[in-house]
Amino acid sequence: MQDLSAYNSFGLHVRAEDLIMIHSVEDLKKVPGGQVLILGRGSDVLFTDDYQGTVLVNDIRGLQVEECGDDYLIKAGGGLLLDGLIEDLVARNISGLENLSAIPGTVGAAPIQNVGAYGMEIGQVVESVTFYDLDRRCAGSFDKEQCEFGYRNSYFKKHPERRLFITEITLRLTREFKPKLSYHGLEGHIFETPYQLREQIIALRRKKLPDPKKVGNAGSFFKNPQVSTEKAQDLKKIYPDIPLYPQADGTVKLAAGWLIDKAGCRNITHGRAGTWESQALVIVNRGGACPHEIVALAKYIVCEVMNRFSIILEPEVRIYGARGEVSWNSL
Ligand code: EPU
């Protein structure tokens, strides 16, 4: 059995039958049949058990920058760290990804969840995603539309049965530096360079979110729920300070962190699991936690939020049991 504690940012002591580092498409062609699980660095996963199969760790690197009219086309290996890529691009004065600075995890994992922070999502700048189909044993590629990006969602997340291993992503970034400042902590700021914006984002993240190198966590544990306008208005009457984010489709997004906080679940501890003191949406491993302690705390939070607001929170992290991905409701 192989230890997975370095491959899940909760730092849980779980194991897999086997673990293979994938450095190239050639390596993928040699992957044996049977049950496999594709991992980046495990920064958005919760293992509830030892995995009875082979874990494939994406370690495909490589970076190519092409000039294309007013844009750059960036081809980045799926196993690169997303933050390493952003640091590299900013050093070359190439902008467009700074708002995603310091998000843990790999480039290949980013389109799966359509990672987003501080007013942008990766899907906005994806040109195409290249993958290796582990079942059909051939390479393929999706353009942005085929990726079906949504809030923390994509074709890849909706179809885990396809077993598509993301080998490379191509991003289209404009040459002109156009800082994205819609997030409430950034409005009104002036940034002369992508480096300055990246520094500000890193500072914002550090203020609110725990560093997974020091405290085991997987970022936001739950998704921000979307409700009808009527439900949002009813809540506003009772809680005038509730943050509401109207969406283009007529629904209203609520801040799960705010709901959890108001339900009395910020900075609480259950066993060796807890919620972060400055961001209740983040469940942390306070040291030596077992998977069931994380699950028990998360279920408790769901009940408290349900009782207080009649809203059902759903996890943002992906949950894996002994035989693969499991649904939250089955736990
Ligand atoms: N809030 C509270 N108490 C809390 C947490 C939040 O009152 O304990 C309030 C905040 O004051 C704010 C609102 O809730 O008014 C929203 O909080 P924040 O701006 O921190 O953003 P979020 O909606 O909680 C999302 C992403 C984060 C991302 C931030 C910044 C999701 C599930 N989470 O959090 O992404 O970093 O916005 O853009 O969409 C992640 O996905 O792992 C992640 C960390």
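Guide: A polar contact is a pair of N or O atoms within 3.5 Å, and with that cut-off in hand we can read the ligand site of this model, which is a predicted one.

Visitor: Which atom of N224 lies 2.8 Å from an oxygen atom of the ligand, a side-chain atom or a backbone atom?

Guide: In N224 a polar side-chain atom lies at that distance, 2.8 Å, from a ligand oxygen. The backbone takes part at other positions: a backbone N or O atom of S220 is 2.8 Å from an oxygen atom of the ligand, and a polar backbone atom of Y118 is 2.6 Å from a ligand oxygen.

Visitor: How much of the ligand does the protein bury?

Guide: The ligand taken alone exposes 820 Å², and the protein buries 83% of that area. Two or more residues of the surrounding shell come from each of β8 (116-117), α5, β13, α7 (256-262) and β19 (279-285).

Visitor: Which residues come nearest to the ligand, and how does the shell divide by residue character?

Guide: Of the 25 residues around the ligand, Y118, Y151, R152, Y183 and S220 come nearest, while the shell as a whole divides into 12 nonpolar, 7 polar and 6 charged residues.

Visitor: How should I read the second largest pocket, and which residues lie nearest its centre?

Guide: Begin with its volume, which is about 750 Å³, and then turn to the lining, where 25 residues take part and A102, P104, D211, P212 and K213 lie nearest the centre. The elements giving two or more residues to this lining are α5 (194-208) and β13 (216-220), and α5 supplies the largest share, 5 residues. By character, the lining of this second largest pocket divides into 10 nonpolar, 8 polar and 7 charged residues.

Visitor: In what order do the strands of the open sheet that includes β13 stand, and why is one side of β13 left without a neighbour?

Guide: Strands of a sheet pair through backbone hydrogen bonds, either parallel or antiparallel. Here 4 strands form an open sheet in the order β13-β19-β18-β17, with antiparallel pairing. Because β13 and β17 (269-270) stand at the edges with a single partner strand each, one side of each has no neighbour in the sheet. Within this sheet, β18 (residues 273-276) is joined to β19 by 4 bridges, and W276 stands opposite Q279 in β19.

Visitor: What can I read from the pairing of β10 with β11?

Guide: Strand β10 (residues 126-133) and strand β11 (residues 138-143) run antiparallel and are joined by 6 bridges, with D143 in β11 as the bridge partner of S128. The hairpin of β10 and β11 has 4 residues between the strands, and R137 takes a positive phi near 60° there.

Notes
Residues numbered from 1 in each chain as written. Predicted model: local features only at pLDDT ≥ 70, side-chain atom pairs only at ≥ 80, totals over all residues. Heavy atoms only, no water. 1 Å grid on protein atoms, 1.4 Å probe; cavity = no way out; pocket = protein on both sides within 12 Å on 5 of 7 lines; lining within 4 Å. Points joined across faces, edges and corners; volume = space filled by probe spheres on them. Nonpolar A, V, L, I, M, F, W, Y, C, P; charged D, E, K, R; others polar. Near = heavy atom within 4 Å. Polar contact = N/O pair within 3.5 Å; in protein donor to acceptor, adjacent residues only side chain to side chain. Areas by Shrake-Rupley, 256 points an atom, 1.4 Å probe, with all protein chains shown as cover. Pairing = 2+ DSSP bridges.
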